[in-house]
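Welcome! Here is a friendly walk through a protein structure for someone meeting it for the first time. Please have a look at the structure below, and then read on.

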Amino acid sequence: MLFSKMFIPTMKEDPKEAEVISHKLMLRAGFIRRLSSGIYTWLPLGLRSLRKVEQIIREEMNRKGAQEILMPLVQPKELWVESGRWEKYGRELLRIIDRNDRDLCLAPTHEEVVTDLVRREVRSYKELPLTLYQIQTKFRDEIRPRFGIMRGREFTMKDAYSFDMDESGAEHSYLDMYDAYMNIFARCGFKFRAVEADTGQIGGSFSHEFMVLADTGEDVVISCSNCGYAANLERAEIGFIGKEGMQKKGQYKRVETPGKKKVDEVAAFLGVTPATLVKTLIYNTDQGVIGVLVRGDREANETKIRSLIGFDWLELSDVETIEKATNGPLGFSGPIGLDIPLYADNDVCNMEDFVVGGNERDIHVKDVNVADFSVKGFFDLKIAEEGDPCPRCQNVLMAKRGIEVGHVFKLGLKYSKAMNATFLDKNGKEQFMVMGCYGIGVSRTVAAAIEQSHDENGMILPFALVPFEVDILPVNIAHEESMVLAKEIYNNLLDKGIDVVLDDRDERPGVKFKDCDLIGIPIRITIGERNLKDGNVEIKIRQEKESLKIKKEEVIERVLNYVEDFKRM
C-alpha cells in the first residue's frame, strides 16, 4: 500500500472533544471520525485493525466448533415482549415504528432473535449441542455516550449463543467459550484478567468478564495474588472472620446532633471516627421497603444486596418513603425500633459501642450494639476495597483498573423457558434447551489496546492488531536510488506476506517519522542518501529509542526475524 494513495487524515493536535487517550489517538491517527454523538465512521487504518481483531475471533470461535451466522439489526417488539425485556431493558433500547405502525427496536443484543431461530429449526437432541455466533453492529442508546469508541451508541460486537441438552453440556460449552476467550485476548497481545462478574441485564446464573488491565480503565478489578481469585467491583467478595456475638444491650444513649446528617459531620461532632458509625440505608425493593446497615466508612454494594438477598430490583428510597418507614427525616435513619426488614453487612457483626441515626431530626444514638436491634442476617453487602481480606484464602486483595472487552454468561433456562425453546430428548420427551451467551466488544477491543499501550508520540498497538507491520520511509522521494530500493524492499516484503506501507509522500522526514509513531507501526525502515552511499539503511523498532544501521542486502531477513520475534511475544 502506498501512503500517498491512502485516506489517512492525521491531526497534529489533540481534538478538544476527546477525553481519553484512545479517543485522542484514534482521531489524530485517522482511525475514526465522529458522525454524531456516540456514532463513528471507521477509516481505512482503523478498519484494518478492527478486521484483525475479527479474524482472531473467527479463528478461535471456529476452532471450538461455533458456526457463524448474521442476524438482523432491526428486531420486532413481539420477541422482546416474550422474553420480558421490552419494558425491563430500559431507555438504552432504541424503539422505532415502521410505516405499518409495527413496533421494532435496534438490537443491543440478540438473545431473543437467536432463541427464536433455534426453537423453529432444532427439534431433536441429535442436533445439540449447537453454538452460533456473529460479528455485527449493535446499538445501545447510551444516556451519555463518551470516550469515543469506548462507550459509543453504535459499535461492533461478536456475540455467540450456545444451546445444550442439560446443565452438564451447558457447562462444557461455557468452558469451551471461556477457553476461546483466553486464547483470543492472549493472541491480541493483551495483559488481561478473567474475573467473576454480575449477570446484569442479560441474566443467568454466573458469568465472567475479561478485563484489559489499563491505568485509564473505567472498571476496577479486585484480585488476590496468592490464590488467583479475581472479580469486578460489583461482584467482588470480601473475606470475613466473625467474632462471638456482642451480648451488651440497652446501654445506648440518644444525643443531639443539630444539622449533622453526613457521616463525616456526625463523626467530627461526636469526636469519633467514621468507622464507629453505622449507616442505615433505606431501599425500595420488589419485596417492599428494607433497611441496609453498613459501617460508616464503607459504601453499600447494591448488586450484592440484590443478588445475595434475592431481590429482582431495588433503589434508594425517596424522602417521603424514608419518613414513612422511620418516622424521621433523611439523614437520621437508624435501626433501633424500625419495623422493616433489616440486613446488615458482616462488619456490623463485629462492631461494639457504635453510633446510629435516631429516627428523629437532629438526633443520633451512641454506644449501640447489635443486640439492640434485630436483623435478618449478616451478609457481605459492601463494595470491596484494596486491602480487604480475600474471600478464598484471607490474603490481602489488590485493586487494579481495567477495561471490559468480553463477557461470558451461563444463561440456563432464562430465555428458553420464556420463549418455549424445546427439543425432544432420547425418550421423546420435550425438554428446555440450556443456554449460554458470550460477547466481545470488537471495536472496544481496538480502543482498549491503545489505552493499555501508548506513549507521548502515539499508539503502541500489539503486533497482532497493527494496521501495518512495516513502514518503508524514503527520506527524499526525488532521489532515484532511494526510491528504487524502497520499492524493491516493499515488493519483497509483500511477497513474504508482510503488511507493509511505503511512505512515498513528498513531505519532510520529521512529518513522516511523527505519523509513523502516531499510527504505531512497529518496524520502520528509513532510506536516506547519506547511509545509502555506504550501502546501509536504518531500521527502528517503535518502542526503542535508537535506530540500527544495517546493510541493505540484510533488510528482508532482519525484518522477517523481527516479525517472528513480535509474533512470539
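## A loop residue to start from

Ile383 is partly exposed, with a relative accessible area of 26%. Keep in mind as you read that this is a predicted model. You can find Ile383 in the loop that runs between strand 20 (378-379) and strand 21 (398-412).

What is Ile383 in contact with, once its neighbours within four places in sequence are left aside? The list is Leu233, Ile238, Arg298, Glu299, Ala300, Asn301 and Asp388. Val118 makes a useful landmark elsewhere: 265 residues along the chain separate it from Ile383, and the C-alpha atoms of the two are 40 Å apart.

## Three domains

Stepping back, the protein is divided into domain 1 (3-237 + 399-450), domain 2 (253-379) and domain 3 (468-568). Taken over C-alpha atoms, the centres of domain 2 and domain 3 are separated by 66 Å.

## The nonpolar cores

Let us look inside next. In soluble globular proteins, nonpolar side chains tend to be buried together. Here the largest nonpolar core has 59 residues, and Met26, Phe31 and Phe185 are those with the most contacts inside it. Domain 1 and domain 3 both give residues to this core, so it lies between them.

A second, separate core has 25 residues, including Val470, Ile489, Val559 and Tyr562. Back in the largest core, Met26 is worth a closer look. Not counting residues up to four places away in sequence, Met26 touches Phe31, Ile32, Arg33, Trp42, Ile149, Val446, Ala447, Ile450 and Met459.

## Helix 9, a helix with two sides

Which residues of helix 9 (residues 319-326) are buried? They are Thr321, Ile322, Ala325 and Thr326. These residues cover an arc of only 110 degrees around the axis, which puts them on the same side of helix 9. An α-helix has 3.6 residues a turn, so residues three or four places apart point the same way.

On the face turned away from the buried side, helix 9 carries the exposed residues Glu320 and Lys324. The buried residues, for their part, pack against strand 14 (278-285) and strand 15 (288-295). After helix 9 comes Asn327, with a positive phi near 65 degrees.

## Helix 14 and its cover

In helix 14 (residues 509-519), the buried residues are Val511, Lys512, Asp515, Cys516, Asp517, Leu518 and Ile519. What covers them includes helix 1 (21-28), helix 2 (44-63), strand 26 (458-459), strand 27 (470-474) and strand 29 (523-527). Gly520, just after helix 14, takes a positive phi of about 90 degrees.

## Strand 29 and its partners

Strand 29, part of the cover of helix 14, is itself mostly covered: 5 of its 5 residues are buried. Ile523, Ile525 and Ile527 are buried on one side, while Arg524 and Thr526 are buried on the other.

How does strand 29 pair with strand 27, parallel or antiparallel? The two run parallel and are joined by 5 bridges, and Pro474 has Ile527 of strand 29 as its bridge partner. With strand 30 (residues 536-541), strand 29 runs antiparallel, joined by 4 bridges. There, Ile541 in strand 30 is the bridge partner of Ile523.

## Strand 24, buried on both faces

In strand 24 (residues 434-441), 8 of its 8 residues are buried. One side holds Val434, Gly436, Tyr438 and Ile440, and the other holds Met435, Cys437, Gly439 and Gly441.

Strand 8 (residues 154-164) pairs with strand 24 in the antiparallel sense over 8 bridges. Strand 21 also runs antiparallel to strand 24, with 6 bridges joining the two. Ile440 of strand 24 is the bridge partner of Lys158, and Ile440 is likewise the bridge partner of Gly406.

## A three-stranded sheet

Our last stop is an open sheet of 3 strands, in the order 4-6-5, with antiparallel pairing. Its edge strands are strand 4 (74-76) and strand 5 (94-97), each of which pairs on one side only. From one strand to the next, the twist averages 40 degrees.

Strand 4 pairs with strand 6 (residues 103-106) in the antiparallel sense over 3 bridges. Within this pairing, Val74 stands opposite Leu106 of strand 6.

Conventions: Residues are numbered from 1 along each chain as its sequence is written. This is a predicted model: local features need pLDDT of at least 70, side-chain atom pairs count only at pLDDT 80 or more; totals for chains, interfaces and linings use all residues. Side-chain values use heavy atoms; hydrogens and water are left out. A nonpolar core is a set of buried Ala, Val, Leu, Ile, Met, Phe, Trp, Tyr and Cys residues joined through side-chain atoms within 4.5 Å. Buried means under 20% relative accessible area, exposed over 50%, partly exposed in between (1.4 Å probe, protein chains only). Domain bounds come from an automatic or database domain assignment. Contact means heavy atoms within 4.5 Å. The arc is that of the directions from the helix axis to the C-beta atoms. Two strands pair if DSSP finds at least two bridges between them. Axes are lines fitted to C-alpha atoms, for helices over the stretch in contact, and angles run from 0 to 180 degrees between N-to-C directions.
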